[in-house]
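Please look at the sequence and the structure shown below, and then read the short report that follows on a metal site and a pocket.

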Amino acid sequence: MRHEFVLPITPPSTVEKKSQTEDHRNEGLKPRKLLPQLKRSVCNRKPRLKYRPELNTVFDLDAYVDLPHSSKLRHHHKGNDADFIKYALNYSKRMVVVSGAGVSVAAGIPDFRSSEGIFSTVNGGSGKDLFDYNRVYGDESMGVKFNQLMVSLFKLSKDCRPTKFHEMLNSFAKDGRLLRLYTQNIDGLDTQLPHLSTNVPLTKPIPSTVQLHGSVRHMECNKCLNVEPFDPAIFRCDDEYDSPTEIIPSCPQCEEFETVRKIAGLRSTGVGKLRPRVILYNEIHPEGDFIGEIANNDLKKRLDCLIIVGTSLKIPGVKNICRQFAAKVHANKGIVLYLNTSMPPKNVLDSLKFVDMIVLGDCQHITSLL
Ligand SMILES: [Zn+2]
């Protein structure tokens with residue numbers, strides 16, 4: 001009976017099939033197979049830029065998009081400026097994008113940090129106070145308000161879908177043309193797209209998106225630094241003091257360590273607190289140095305386009321990053337676009353120095369220029 005288990009001398013048919021597919025794979029190296037790729041790179045070759053507007057030229061995007069396609073104004077008066085934007089979007093090969101709340105407004109997420117943001121009126125405090133470390137963790141009622149804000153933003157961001165603008169950035173990244181997205185948004189709408197993903201916490205290899213202010217999708221222990229998906233159920237959002245939830249919940253992982261230490265007869269080292277993984281004003285950014293290192297490395301690449309979008313650059317650190325990118329892109333004869341619903345303040349433009357075009361309007365409209 002033993003001979004039944006002896007291996008056959010000739011290989012089974014599946015083995016032969018496998019070697020055939022391997023041959024096919026080797027064919028991929030032959031020039032014939034490379035042709036379509038070559039063709040594609042020829043098609044994507046950057047044409048010469050025929051027109052460059054003066055610095056800080058204002059382009060009214062909303063008005064342009066509203067013009068009928070046959071309009072003479074569209075073709076002559078604004079045509080060159082529109083072509084300049086199209087050129088930046090279609091031919092840039094190493095883009096950096098710095099985004100703010102404006103890109104998520106169309107998804108249904110309000111610009112909650114601004115004075116008009118709905119959270120400022122709902123919660124009876126200014127948007128900035130609700131993001132101030134000392135205010136948020138200074139007294140209980142502010143702590144509760146902050147939790148309300150985080151929980152509602154978390155639920156909102158889970159319900160909202162990425163916008164056309166997010167999709168456009170995702171397609172740039174897919175084509176290998178987006179070097180980095182630096183996002184100030186904490187909604188995670190950008191990072192949920194496959195080519196705009198990030199690492200939490202930020203680690204090498206550097207992901208396509210760097211979250212400058214964290215996100216509401218995660219929470220972190222301030223002691224053991226354990227990062228977990230945000231759990232809205234454990235953060236107290238009302239004034240009921242017999243509530244089982246806490247304003248700043250204790251970390252279950254630390255509690256577990258404590259129990260083990262107790263059993264082992266070791267001294268207590270304390271239990272950490274869980275916080276939404278969002279960076280507040282007046283707090284030291286735990287990943288600040290690493291983000292600076294990433295930006296410095298990106299500055300060394302041959303950047304040919306910077307798009308600053310949906311932000312008024314009120315945060316000095318972000319403005320500083322933009323200033324350096326703008327200078328570098330300008331030195332490389334690239335294009336700097338500042339896309340926002342309102343004019344950037346004069347001091348911001350002065351600081352940036354090299355903005356080719358201020359594109360005024362809804363950033364979603366720019367996708368129609370692709
Ligand atoms: Zn912990």
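## The zinc site

In this predicted model, the zinc ion is held by four sulfur donors, namely the SG atoms of Cys221, Cys224, Cys251 and Cys254, which lie at 2.2 to 2.4 Å. The angles among the four donor atoms run from 106 to 114°, and the site of the zinc ion is accordingly classed as tetrahedral.

## How the donors are placed in the chain

Along the sequence, the residues that donate to the zinc ion follow the spacing C-x2-C-x26-C-x2-C. Because Cys221 belongs to strand E5 (residues 214-221) while Cys254 belongs to helix H10 (residues 252-263), this pair ties together parts of the chain that are 33 residues apart in sequence. Both Cys221 and Cys254 are buried.

## The second largest pocket

The second largest pocket has a volume of about 290 Å³, and its lining is made up of 16 residues. Those that lie nearest the centre of this pocket are Tyr133, Glu220, Asn222, Arg275 and Glu283.

Strand E5, which also carries the zinc donor Cys221, supplies at least two residues of the lining of the second largest pocket, as does strand E7 (274-278). With four residues, E7 gives the most to this lining. When the lining residues of the second largest pocket are sorted by class, ten are nonpolar, five are charged and one is polar.

Notes:
Residues are numbered from 1 along each chain as its sequence is written. This is a predicted model: local features need pLDDT of at least 70, side-chain atom pairs count only at pLDDT 80 or more; totals for chains, interfaces and linings use all residues. Side-chain values use heavy atoms; hydrogens and water are left out. Donors are N, O and S atoms within 2.8 Å of the metal (3.2 Å for Na, K and Ca); water is not among the atoms, so sites may look incomplete. Four donors count as tetrahedral if all angles lie between 85 and 135 degrees; four count as square planar and six as octahedral if opposite donors are over 155 degrees apart and all others between 65 and 115; anything else is irregular. Buried means under 20% relative accessible area, exposed over 50%, partly exposed in between (1.4 Å probe, protein chains only). On a 1 Å grid over the protein atoms alone, a cavity is a set of points where a 1.4 Å probe fits but cannot get out, and a pocket is an open set with protein on both sides within 12 Å along at least five of seven lines; lining residues have an atom within 4 Å of a point. Grid points are joined across faces, edges and corners, and a volume is the space filled by probe spheres set on the points. Ala, Val, Leu, Ile, Met, Phe, Trp, Tyr, Cys and Pro count as nonpolar, Asp, Glu, Lys and Arg as charged, and the others, Gly among them, as polar.
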